[in-house]
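I opened a fresh page for this protein and set out to go from the record to the fold, and from there to single residues.

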Amino acid sequence: MVFLSAAIVAALAAIAGAFGVAIIVRATLEGVTRQPEMKGSLQTIMFIGVPLAEALPILAIVISFLILGNA
């Protein structure tokens with residue numbers, strides 16, 4: 001049962017991270033399409049936002065490894 005819970009946490013973390021990054025990139029592309037002259041600043045914001053969106057799934061993976069370590 002512990003292995004199943006760790007696998008579910010890891011899978012949900014991966015899916016959440018993918019959705020978060022996809023939303024950020026989509027918004028950046030929409031912004032560049034509307035205002036091409038803002039490309040540089042939008043890219044900078046995207047490069048800051050993507051790691052922030054990935055931080056929570058990485059922590060969830062660490063928690064799933066901790067769950068496995070206690071098994």
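**Record and fold**

I began with the UniProt record, an unreviewed entry, which lists residues 4–67 as "domain: V-ATPase proteolipid subunit C-like". I kept in mind throughout that the model I was reading is predicted. Over residues 4–67 I found the chain to be 94% helix and 0% strand, with the end C-alpha atoms 10 Å apart.

I then looked up the second annotation, "transmembrane region", which the unreviewed UniProt entry places at residues 44–68. Here the chain is 100% helix and 0% strand over residues 44–68, and the end C-alpha atoms lie 37 Å apart.

**Overall shape**

I next asked how many helices and strands the secondary structure of the protein comes to. The count is two helices and zero strands. The radius of gyration is 16 Å, whereas the globule rule gives 11 Å for 71 residues, so I noted the protein as more spread out than a compact globule. Along the principal axes, the C-alpha atoms fill a box of roughly 55 × 15 × 5 Å.

For the surface, I noted that buried residues make up 14% of the 71 residues. The accessible surface of the protein comes to about 5200 Å², and 78% of that surface belongs to carbon and sulfur atoms.

**The helix pair**

I reminded myself that two packed helices are described by the angle between their axes and the distance between the axes. Helix H1 covers residues 2–34 and helix H2 covers residues 39–69, and I read off a packing angle of about 175° with the axes 8 Å apart. Because angles over 145 degrees count as roughly antiparallel, I entered H1 and H2 as roughly antiparallel to each other. I sorted the residues of the contact of H1 with H2 into 19 nonpolar, seven polar and two charged.

**Single residues in H1**

I picked out Leu12, whose place is in helix H1, and asked whether Leu12 is buried or exposed. Its relative accessible area is 53%, so Leu12 goes down as exposed, the cut-off for that word being over 50%. I also checked Leu12 against Ile61, which is 49 residues away along the chain, and found their C-alpha atoms separated by 9.4 Å.

Phe19 is likewise found in helix H1, and at 56% relative accessibility I recorded Phe19 as exposed. For Phe19 I looked at Ser5, which lies 14 residues away along the chain, and the C-alpha atoms of the two are separated by 21 Å.

Ile23 was my last entry, again a residue placed in helix H1. At 48% relative accessibility I had to write Ile23 down as partly exposed, since exposed requires over 50% and buried under 20%. Ile23 and Ala53 are 30 residues apart in sequence, and I found them 9.8 Å apart in space, C-alpha to C-alpha.

Technical notes:
Residues are numbered from 1 along each chain as its sequence is written. This is a predicted model: local features need pLDDT of at least 70, side-chain atom pairs count only at pLDDT 80 or more; totals for chains, interfaces and linings use all residues. Side-chain values use heavy atoms; hydrogens and water are left out. UniProt positions are given in the numbering used here, feature names are shortened, and annotations may be inferred rather than shown by experiment. Helices (H or I, at least four residues) and strands (E, at least two) are DSSP runs, numbered from the N terminus. The radius of gyration is taken over C-alpha atoms; the globule rule is 2.2 Å times the number of residues to the power 0.38. Buried means under 20% relative accessible area, exposed over 50%, partly exposed in between (1.4 Å probe, protein chains only). Accessible areas come from the Shrake-Rupley method with a 1.4 Å probe; for residues, only the protein chains shown count as cover. Axes are lines fitted to C-alpha atoms, for helices over the stretch in contact, and angles run from 0 to 180 degrees between N-to-C directions. Angles under 35 degrees count as roughly parallel, over 145 as roughly antiparallel, 65 to 115 as roughly perpendicular and the rest as oblique. Ala, Val, Leu, Ile, Met, Phe, Trp, Tyr, Cys and Pro count as nonpolar, Asp, Glu, Lys and Arg as charged, and the others, Gly among them, as polar.
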